[in-house]
Amino acid sequence: MSKFLHSKFKSLEPYDTSEELESMNGYIRLNTNESPFMPSPLAIKYAYESAKGLNYYSDPDCRLLAEKLSSMLNIKPSQIVFGNGSDEILNFIFMGLCEKGAAFPDITYSFYKILAKFHGVNYKLIPLKNFRIAPDDYKNLQARTIFIANPNAPTGLALKLDEIEKIIISNPDSLIIIDEAYIDFADSLSAIKFIHEYNNIIITRTFSKSRSLAGGRLGFCVTCEEIANDLRDIKNTITPYNINAMTQAAGLGSLEDDDYYKENINLIRTVRESTKINLRKMGFEVTDSETNFLFTRHERLTGQEIFTHLKQNGIMIRYFESLPEFNRITIGTSEQMQKLLNCLAEIV
Ligand code: PMP
């Protein structure tokens, strides 16, 4: 730590990226919930063509993307705000829309706690019940901003729309964030339709998972115009050109090639279900994930033993120090998952 670092940053707890960096060294990467499939050819073509215009700043409002998305989602373009990944949208929300504190499940996406601490937002953790978010526990939250990942991570389990609505209705003074990073892989439905009924909700989405653009860094949120304007003001104050031109172009190409993604999503869902069945046969407890990953616990082996064995064999999955019995395994191609199963058969 240098003597120049502001004292308020002396106890920073940054997101640990060491394992992700290591997985880039030739491992089968089943640890960061990326798509195993490349972006659509149209996304790549548009990104390539847009590179010729990189001498100009990118469109701060991502207008082409906003128009295309608004017609797909049946909302106004002004109700959409884009982020450098949905993580950036979450950052804007913690920065500007959590004055009364935050509340989120324990366990959930680890970034909520990291951002809350960074922005000095007081937060309340609400324990899961049997791995599930219990809507009845989300009451009397005194106007805290509530973060619900749906489906939740790393459990992979989703709430139904009536359960989400229950949380919205019981918290009229709160802003409710529904993080739908994985909704495209789910049977459960998106809460986007509630945008037309409630003005205290924000739905966040990402192009990183189902649209194979994790490296492009593109996310967005949908909300009422008033909140969208607040978020745009925050964005335009600190990072007006937050989405680079190549990423905007790739995002547009991906939206225009929707069938390509629907096919990939179906493949991932099919491989997820067959992998789940095979893991259960091997003595794993596996939740009924609605995402592109599985949350597993073996009857005899620890999460670390499984992680280490796979790593030694060139496969990287996720192990959480805070959840030592568990692993999170991203769904890759069927060939990759077969390798995973063969390798697991050696130790179980
Ligand atoms: N929400 C959840 C629940 C996630 O798991 C992730 C990915 N780690 C994100 C948001 C952020 O994804 P991105 O910034 O790539 O859009």
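## The second largest pocket

The second largest pocket holds about 490 Å³ of space, a value computed, like the others here, from a predicted model. Its lining is made up of 24 residues, and those that lie nearest the centre of the pocket are L73, D184, R205, R211 and D258.

Three elements, α3 (63-73), β7 (201-206) and α9 (258-281), each supply at least two residues of this lining, and α9 provides the largest share, with 6 residues. In chemical character, the lining residues of the second largest pocket divide into 12 nonpolar, 5 polar and 7 charged.

## The shell around the ligand

The ligand is surrounded by G85, S86 and D87, by Y109, by D179, A181 and Y182, by T206, S208 and K209, and by R217. This shell consists of 3 nonpolar, 4 polar and 4 charged residues.

## Polar contacts and cover of the ligand

Oxygen atoms of the ligand take part in contacts with both backbone and side-chain atoms of the shell. From the backbone of S86, an N or O atom lies 2.7 Å from an oxygen atom of the ligand, while in the side chain of Y182 an N or O atom is likewise 2.7 Å from a ligand oxygen atom. For S208, the distance between an N or O atom of the side chain and an oxygen atom of the ligand is 2.6 Å. On its own the ligand has 400 Å² of accessible area, of which the protein covers 92%.

Definitions and conventions
Residues are numbered from 1 along each chain as its sequence is written. This is a predicted model: local features need pLDDT of at least 70, side-chain atom pairs count only at pLDDT 80 or more; totals for chains, interfaces and linings use all residues. Side-chain values use heavy atoms; hydrogens and water are left out. On a 1 Å grid over the protein atoms alone, a cavity is a set of points where a 1.4 Å probe fits but cannot get out, and a pocket is an open set with protein on both sides within 12 Å along at least five of seven lines; lining residues have an atom within 4 Å of a point. Grid points are joined across faces, edges and corners, and a volume is the space filled by probe spheres set on the points. Helices (H or I, at least four residues) and strands (E, at least two) are DSSP runs, numbered from the N terminus. Ala, Val, Leu, Ile, Met, Phe, Trp, Tyr, Cys and Pro count as nonpolar, Asp, Glu, Lys and Arg as charged, and the others, Gly among them, as polar. A residue is near a molecule or strand if one of its heavy atoms lies within 4 Å of it. A polar contact is a pair of N or O atoms within 3.5 Å; within protein, one must be able to donate a hydrogen and the other to accept it, and residues adjacent in sequence count only if both atoms are side-chain atoms. Accessible areas come from the Shrake-Rupley method with a 1.4 Å probe; for residues, only the protein chains shown count as cover.
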